[in-house]
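This briefing looks at the salt bridges of the structure shown below, and at how the charged side chains in them are placed with respect to the surface.

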Amino acid sequence: MSKVTVMDHPLIQHKIGIMRRVETGSKDFRTLVSEVAMLECYEATRDLELQDVEIETPICKTTVKELKGKKLAVVPILRAGLGMVDGMLEMIPAAKVGHIGLYRDPETAEPVEYYCKLPADCAKREVFVVDPMLATGGSAVDAIRMIKEKGVTHIHFMCIIAAPEGVKRLQEAHPDVDIIVGALDEHLNEHKYIVPGLGDAGDRIFGTK
């Protein structure tokens, strides 16, 4: 079964607390989403492998550590996932970015696909799929299936807020994908919104409501 990591860093928890507030406007909300993504990325990449490399400093030759092996890719689930990309690229500027377009059918609450564009060498990369909210889990499950169909085998899912129902569904569908969560909330309400949550992340990022 996949590993679920709930971030307990004080800065992450503090910033999520501000994001939750109904009076937090789009500009501040966008900034907070990016900052939390950056902090989560810092924590989530803790286990990346390193290798020794010999270099020359202004003083002498020495051996330093550099990242080893697979390069990274960030794949946001459109549209809300876009809010997390810049923060992650602050940490891993050499990462490539793909995009997956899904929207939730208001009647069935199930995801509908409309776009998928990944880096050509994505199968050789360690991929972080990002979306601020993991609610029912439908979009995440579908997005990861689409990525696996492109030959990608090393996948992580990162979100800011998750409901237990979404975590369970994602674990059952993709037991090989680790899940990184900023805060694990209580449950979904009858409209499939996370409680206490923070509302619709896409609307709050882009000011569309």
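**Salt bridges in the predicted model**

In this predicted model, the side chains of D203 and R79 meet in a salt bridge, with an N to O distance of 2.8 Å. D203 lies in helix 6 (residues 201-206), whereas R79 lies in the loop between strand 4 (71-78) and helix 3 (82-91), so the pair ties together parts that are 124 residues apart in sequence. The count of salt bridges comes to 13, and those described here are among them.

**Burial of the D203 and R79 pair**

- D203 has a relative accessible area of 13% and is buried, because the cut-off for that class is under 20%.
- R79, with a relative accessible area of 34%, is partly exposed.

**The R20 and D185 pair**

- R20 forms a salt bridge with D185, in which the closest N and O atoms are 2.7 Å apart.
- Since R20 belongs to helix 1 (residues 10-20) and D185 to the loop between strand 11 (178-184) and strand 12 (187-188), the pair ties together parts that are 165 residues apart in sequence.
- R20 counts as partly exposed at 25% relative accessibility, while D185, at 8%, counts as buried.

**The D121 and R125 pair**

- A salt bridge also joins the side chains of D121 and R125, at 3.0 Å from N to O.
- Here the acidic residue D121 is partly exposed, with a relative accessible area of 25%, whereas R125 counts as buried at 4% relative accessibility.

**A linked network**

- E113, D142, R145 and E149 are linked to one another in a network of salt bridges.

Note on methods:
Residues numbered from 1 in each chain as written. Predicted model: local features only at pLDDT ≥ 70, side-chain atom pairs only at ≥ 80, totals over all residues. Heavy atoms only, no water. Salt bridge = Lys/Arg side-chain N within 4 Å of Asp/Glu carboxyl O. Helix = DSSP H or I, 4+ residues; strand = E, 2+ residues; numbered from the N terminus. Buried < 20%, exposed > 50% of the residue type's maximum accessible area, 1.4 Å probe, protein only.
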